[in-house]
Amino acid sequence: VYIEPDVELVDHYGRTLAHLFLANGRHINREMVHAGLAISNIHPPNLKYAEDLQVAQRYAEKKRSGLWQLKAYQVKSVATISRMLVKKWGRFDGQIKTIQRSKKGTKLYFDKTVYIWLARRDLKYFQNLNRYKGREIEVRGWPGKRGGQWSIRVRHPSQIMLKP
């Protein structure tokens, strides 16, 4: 096994960040995501294998492999966040009603109590936030309460999917 770091060597929790490979070149991280044994969680600036990991995850989701068949990994309405005080990672769907921009970042509101938070430093990864307004989306992340509102921090476009 050999280890290949990305841009950051350690995250803000002190965990080592790296990609694992076998001597024959097989990417262990990718294979685990492909089999549904792990999820891909893209955190810029660590983007070295982001596209490969996203392709592997879409495959696992489509096949409902591993984690993707568990109840905890099924999509829930965004309304469950404030109603059930959800604080665990999840997949949530709803419609973006309004977009509010400030110097610190942008909020994509589902309603008056739940929004997606995009910090200013992460906005460069998003092309056109207006495309989300009025659309049904799925967002993936960890809800947290800030003041009287709930938010889901999004760092990369892979966390938001437009619904057909």
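How many bridges join strand E4 (residues 90-95) and E8, and in which sense do the two strands pair? Keep that in mind as we visit a few close-up views of this predicted model.

**View 1. Strand E8 and its two partners.** E4 and E8 pair in the antiparallel sense, and 6 bridges hold the answer to the opening question. At one spot along this pairing, glutamine 95 sits opposite glutamate 136 of E8. E8 also pairs with strand E11 (residues 160-162), again in the antiparallel sense, here over 3 bridges. Look for glutamate 138, whose bridge partner in E11 is methionine 161. E8 is mostly covered, with 5 of its 6 residues buried.

**View 2. The enclosed space.** Searching the whole structure turns up 1 cavity of 30 Å³ or more, and the volume of this largest cavity is about 90 Å³. Helix H2 (50-63) and strand E8 (136-141) are the elements that give two or more residues to its lining. To trace the wall yourself, pick out Ile39, Ser40, Asn41, Ile42, Gln54, Gln57, Trp89, Arg140, Gly141, Ser158 and Gln159. Sorted by class, this lining holds 3 nonpolar, 7 polar and 1 charged residues.

**View 3. The largest pocket.** Here the open space amounts to about 1,200 Å³. Of the 41 residues that line this pocket, Arg15, Leu17, Asn41, Ile42 and His43 lie nearest its centre. Strand E2 (19-21), helix H1 (28-34), H2 and strand E9 (143-146) each give two or more residues to the lining. H1 supplies the largest share, with 4 residues. The lining of the largest pocket divides by class into 20 nonpolar, 10 polar and 11 charged residues. Asn41 and Ile42 may look familiar: they also line the largest cavity.

**View 4. The second largest pocket.** This pocket has a volume of about 200 Å³. Its lining is made up of Ala50, Glu51, Gln54, Gln57, Arg58, Glu61, Arg140, His156, Ser158 and Met161. H2 gives the largest share of these, 6 residues. By class, the lining of the second largest pocket has 2 nonpolar, 4 polar and 4 charged residues. Met161 brings us back to the strands, being the bridge partner of glutamate 138.

**View 5. Residues on two linings.** Which residues could you follow from the second largest pocket to the largest cavity? Gln54, Gln57, Arg140 and Ser158 appear in the lining of the second largest pocket, and these residues line the largest cavity as well.

Conventions: Residues are numbered from 1 along each chain as its sequence is written. This is a predicted model: local features need pLDDT of at least 70, side-chain atom pairs count only at pLDDT 80 or more; totals for chains, interfaces and linings use all residues. Side-chain values use heavy atoms; hydrogens and water are left out. On a 1 Å grid over the protein atoms alone, a cavity is a set of points where a 1.4 Å probe fits but cannot get out, and a pocket is an open set with protein on both sides within 12 Å along at least five of seven lines; lining residues have an atom within 4 Å of a point. Grid points are joined across faces, edges and corners, and a volume is the space filled by probe spheres set on the points. Ala, Val, Leu, Ile, Met, Phe, Trp, Tyr, Cys and Pro count as nonpolar, Asp, Glu, Lys and Arg as charged, and the others, Gly among them, as polar. Buried means under 20% relative accessible area, exposed over 50%, partly exposed in between (1.4 Å probe, protein chains only). Two strands pair if DSSP finds at least two bridges between them.
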